[in-house]
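Subject: Structure for your review

Dear colleague,

Please find below the sequence and the structure that I am handing over to you. My findings follow directly after them.

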Amino acid sequence: MDYSDNRGIDLHIHSNASDGTLYPNEILALAKKLGLSAIAITDHDTIDGSKEAIETGIPSDFKFLTGVEISADPPPSFPCSGSFHVLGYSFRIDDHILHETLHTLQLARKNRNPKIIELLNNLGFDITIEEVINFAGEGQIGRPHIASLMVEKGFVESIKKAFDKYLGRGKPAYVDKYRLGCSKAIEVINGAGGIPVLAHPSLFTIREEKKFEDLIAELKVMGLKGIEAYYSEHSKDKTSYYIEIAEKYGLLITGGTDFHGSLKPDINMGSGRGNLHVPYNLYENLINSI
Ligand code: AMP
Ligand code: ZN
Ligand code: FE
Ligand code: FE
């Protein structure tokens, strides 16, 4: 198969093993239909989606990378607000330290969800954890499931409103969750033979007067290997800036849409809000670095 054509890749996709709505086999079918040349399933704190895709069988039409997205704490010297996530690619799927680490994160989520529901109940919403579990199916529950159920029950008009009014950080039903330190997240991914990448850098802001570049330098010392420069919510200028920083620090450049199926209906696999094109050579660079 010749991949030197113009087909795009998508290295940031959520399945219903976390808060995406498609089964892994449906993701494979859609990637094939869209003519993508490489994809990765990067669920929050679980590799079940990647595993299931491999068990299903990857079509020969495109390349597939194992993936995960870990919610992490930024380095203590770079306090951040927003979503600080570390992506991992192409790790050994049976690595037991990775498994144990993810298991701890999954337990933390299980403890957190009933607390969110309790806060919503205190705010007067009639919603139970059993309803959320039924609604989410077998995958692990995240706030988008709760938000979506709140829409279905007529409590809020949209998922975005549910976050803005209740579930987002600092809002009345927000519950913090246990996170790995980023150095640990990076170490675990490297330890499993994978490639740790800083996810969607535009989705967090560094508090205090500190430079993004210095954060990258510190993460690189910890073992970071790449930056997700191409992303649905990144402007062209932002993408160029992250590419420049990645090149300056000798890091890989990756990209993906953060496709979640109908839980983020505006984001399409492979093209984000319609105009995202992530070039295939990024996949090649990533594979060649292993
Ligand atoms: P959780 O894993 O439960 O912390 O939820 C994280 C998920 O919630 C990610 O997929 C985010 O994209 C989504 N999310 C976080 N903040 C918002 C927001 N303000 N509006 C919509 N989705 C959000
Ligand atoms: Zn998500
Ligand atoms: Fe993320
Ligand atoms: Fe994501």
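The largest pocket lies between two domains, because domain 1 (9-103 + 179-289) and domain 2 (110-167) both give residues to its lining. Please bear in mind throughout that this is a predicted model.

**The pockets**

The volume of the largest pocket is about 1,300 Å³. Its lining consists of 44 residues, and those nearest its centre are Ser83, Arg143, Phe163, Leu203 and Lys264. Two or more lining residues come from each of β3, β4 (80-82), α3 (96-122), α5 (143-152) and α6 (159-167). By class, the lining of the largest pocket holds 18 charged, 14 nonpolar and 12 polar residues.

Where does the second largest pocket lie with respect to domain 1 and domain 2? Domain 1 (9-103 + 179-289) and domain 2 (110-167) both contribute to its lining, so the second largest pocket lies between them. This pocket encloses about 470 Å³ of space. It is lined by 20 residues, and Ala17, Glu138, Gly139, Gln140 and Ile141 are the closest to its centre. At least two lining residues are supplied by each of α2 (48-56), α3 and α4 (129-136). The largest share, six residues, is that of α3. The lining of the second largest pocket comprises eight polar, seven nonpolar and five charged residues.

**The iron ion (ligand 4)**

I turn next to the metal sites. The iron ion (ligand 4) is coordinated at 2.1 to 2.2 Å by His12 (NE2), His14 (NE2), Glu69 (OE) and Asp258 (OD). Why is the arrangement of the four donor atoms around this ion irregular? The angles that they subtend run from 80 to 167 degrees, which makes it so. Tetrahedral geometry would require all angles to lie between 85 and 135 degrees.

Along the chain, the donors of the iron ion (ligand 4) follow the spacing H-x1-H-x54-E-x188-D. Two of them link distant parts of the chain: Glu69 belongs to strand β3 (residues 63-73), while Asp258 is in the loop between β10 (252-256) and α10 (280-288), 189 residues apart. Glu69 is buried, its relative accessible area being 0%. Asp258 also counts as buried, because its relative accessibility of 4% falls under the 20% limit.

**The iron ion (ligand 3)**

The iron ion (ligand 3) has Glu69 (OE), His85 (ND1) and His200 (NE2) as its coordinating residues, at 2.0 to 2.2 Å. Their spacing in sequence is E-x15-H-x114-H. The distance between the iron ion (ligand 3) and the iron ion (ligand 4) is 3.4 Å, and Glu69 coordinates both. Here Glu69 in strand β3 is paired with His85 in strand β5 (residues 85-89), 16 residues apart. Is His85 buried or exposed? With a relative accessibility of 12%, His85 counts as buried.

**The zinc ion (ligand 2)**

For the zinc ion (ligand 2), the protein donors are Asp19 (OD), Asp19 (OD), His44 (NE2) and His260 (NE2), which lie 2.0 to 2.5 Å from it. These donors are spaced D-x24-H-x215-H along the chain. Asp19 sits in the loop between β1 (9-13) and α1 (24-34) and His260 in the loop between β10 and α10, so the pair ties together parts that are 241 residues apart in sequence. Both Asp19 and His260 are buried. The zinc ion (ligand 2) and the iron ion (ligand 4) are separated by 4.8 Å.

**Two backbone angles**

Finally, I draw your attention to two phi values. Most residues other than glycine have a negative phi. Asp45, however, has a phi near 55 degrees, a positive value in a residue other than glycine. Asp45 is placed in the loop between β2 (38-41) and α2, and at 2% relative accessibility it counts as buried. The other case is Asp258, whose phi is positive and near 70 degrees. Asp258 lies in the loop between β10 and α10 and is among the donors of the iron ion (ligand 4).

Yours sincerely

Definitions and conventions
Residues are numbered from 1 along each chain as its sequence is written. Chains are lettered from A and ligands numbered from 1 in the order in which they are written. This is a predicted model: local features need pLDDT of at least 70, side-chain atom pairs count only at pLDDT 80 or more; totals for chains, interfaces and linings use all residues. Side-chain values use heavy atoms; hydrogens and water are left out. Donors are N, O and S atoms within 2.8 Å of the metal (3.2 Å for Na, K and Ca); water is not among the atoms, so sites may look incomplete. Four donors count as tetrahedral if all angles lie between 85 and 135 degrees; four count as square planar and six as octahedral if opposite donors are over 155 degrees apart and all others between 65 and 115; anything else is irregular. Helices (H or I, at least four residues) and strands (E, at least two) are DSSP runs, numbered from the N terminus. Buried means under 20% relative accessible area, exposed over 50%, partly exposed in between (1.4 Å probe, protein chains only). On a 1 Å grid over the protein atoms alone, a cavity is a set of points where a 1.4 Å probe fits but cannot get out, and a pocket is an open set with protein on both sides within 12 Å along at least five of seven lines; lining residues have an atom within 4 Å of a point. Grid points are joined across faces, edges and corners, and a volume is the space filled by probe spheres set on the points. Ala, Val, Leu, Ile, Met, Phe, Trp, Tyr, Cys and Pro count as nonpolar, Asp, Glu, Lys and Arg as charged, and the others, Gly among them, as polar. Domain bounds come from an automatic or database domain assignment.
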